[in-house]
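Colleague: Got a minute to go through this one with me? I'd like to start with how we talk about burial.

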Amino acid sequence: MTDRELLDDFVKRYHALKNEMGKVIVGQDKAVDSLLLSIFTGGHCLLVGVPGLAKTLMVNTLSRALGLTFNRIQFTPDLMPSDITGSEILDENRHFQFVKGPVFANIVLADEINRTPPKTQAALLEAMQEKSVTVSGKSYAMANPFFVLATQNPIEQEGTYPLPEAQLDRFMLNIRMDYPSFAEEVDIVKGTTVEVTQNIDVVLSAEDILRYQGVIKRMPVADNVCQYAVGLSVSTRPEGGKMGTSGRDAASLATKYLSWGAGPRASQYLVMGAKTHAAMQGKYSPDMEDVQAVATEVLRHRIVRNYYAEAEGITTEEIIEQLLKDSAVRG
């Protein structure tokens with residue numbers, strides 16, 4: 001198959017995958033699209049939403065439709081790093097043998113990741129970054145493909161350990177899940193209060209995912225699109241924005257309301273996310289609209305508001321929205 005034929009095939013399989021997930025997941029179309037985008041880009045994502053919005057069910061359904069191995073880790077204050085990565089035990093022959101932990105799966109759901117202390121968080125985040133874990137000086141590779149999908153509850157902060165900015169940066173997307181509409185909630189209640197089991201068909205294999213990830217990575221990107229993505233990242237930096245293509249207005253906005261901006265990893269994810277978004281729309285190359293489509297979820301956890309933004313009640317999303325408007329005018 002040529003790359004174009006692969007991309008055409010990808011669109012068909014992507015829609016088939018969405019249809020399978022739609023058998024169980026009612027609404028949440030934007031969250032489902034973002035979740036699939038992170039999978040086909042090869043990134044990890046953070047799902048943020050109040051309890052009962054089917055975050056766990058969504059990830060479980062996705063793993064079934066993809067035919068991938070799936071493990072769920074419930075993060076608690078007493079969870080230890082070895083509970084995630086695994087540990088060495090002494091067998092009957094008095095030899096140490098490594099027993100793999102739940103992190104050794106294609107899809108790992110880290111439920112309420114901010115409920116566990118930083119030492120345990122770091123064990124998972126090392127696996128995310130390095131695609132391997134080290135125990136007693138030996139390195140063990142993760143499954144391929146490997147995705148960490150973590151959840152956070154935004155309303156309960158007592159007894160939690162918020163992820164530091166440097167660790168948040170390892171997640172490609174920060175996906176916010178909202179309440180369903182009235183009609184969607186009626187459908188959810190009707191579908192879950194009767195004894196009906198939905199069969200989920202396997203749409204893609206691990207090999208298929210790796211093949212589509214490869215063709216998406218090979219998609220060409222025009223120089224102006226790449227420059228636009230980098231300029232958008234630079235415009236979030238209070239000082240660095242003055243030196244990029246972002247212009248004075250964007251730089252002054254960042255200087256006024258942000259204490260820290262997005263780093264180069266954000267630029268990389270903006271371009272890669274734009275590629276996958278374009279592929280999902282049946283395009284063979286991304287444009288600036290594709291960068292804009294993924295910008296909020298790529299940037300929202302990478303910029304830090306300062307005191308003035310908090311005092312004036314200006315949200316991170318509002319700042320990103322204004323930066324996107326400014327960039328659209330300049331573009």
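Modeller: Happy to! Buried means under 20% relative accessible area, exposed means over 50%, and partly exposed is in between. Keep in mind that this is a predicted model.

Colleague: Good. So is Cys45 buried or exposed?

Modeller: Cys45 is buried, because its relative accessible area is 0% and the cut-off for buried is under 20%.

Colleague: And what about Cys226?

Modeller: Cys226 is partly exposed, since its relative accessible area comes to 36%.

Colleague: How many disulfides turn up in the whole structure?

Modeller: Zero, from a search of the whole structure.

Colleague: Okay, switching to pockets. What volume does the largest pocket have?

Modeller: The largest pocket comes out at about 740 Å³. It has 28 lining residues, and those closest to its centre are Gln152, Leu168, Asn174, Arg176 and Arg300.

Colleague: Which elements give two or more residues to that lining?

Modeller: Strands S1 (45-48), S9 (173-176) and S11 (304-305), along with helices H6 (165-168) and H14 (316-330).

Colleague: And how does the lining of the largest pocket divide by residue type?

Modeller: There are 12 nonpolar residues, nine polar and seven charged.

Colleague: Nice. One more: where does Gln281 lie?

Modeller: Gln281 is in the loop that runs between helix H11 (264-280) and helix H12 (288-299). With 47% relative accessibility, Gln281 counts as partly exposed.

Colleague: What separates the C-alpha atoms of Gln281 and Tyr14?

Modeller: A distance of 9.9 Å, although Gln281 and Tyr14 are 267 residues apart along the chain.

Note on methods. Residues are numbered from 1 along each chain as its sequence is written. This is a predicted model: local features need pLDDT of at least 70, side-chain atom pairs count only at pLDDT 80 or more; totals for chains, interfaces and linings use all residues. Side-chain values use heavy atoms; hydrogens and water are left out. On a 1 Å grid over the protein atoms alone, a cavity is a set of points where a 1.4 Å probe fits but cannot get out, and a pocket is an open set with protein on both sides within 12 Å along at least five of seven lines; lining residues have an atom within 4 Å of a point. Grid points are joined across faces, edges and corners, and a volume is the space filled by probe spheres set on the points. Helices (H or I, at least four residues) and strands (E, at least two) are DSSP runs, numbered from the N terminus. Ala, Val, Leu, Ile, Met, Phe, Trp, Tyr, Cys and Pro count as nonpolar, Asp, Glu, Lys and Arg as charged, and the others, Gly among them, as polar. A disulfide is a pair of cysteine sulfur atoms within 2.5 Å. Buried means under 20% relative accessible area, exposed over 50%, partly exposed in between (1.4 Å probe, protein chains only).
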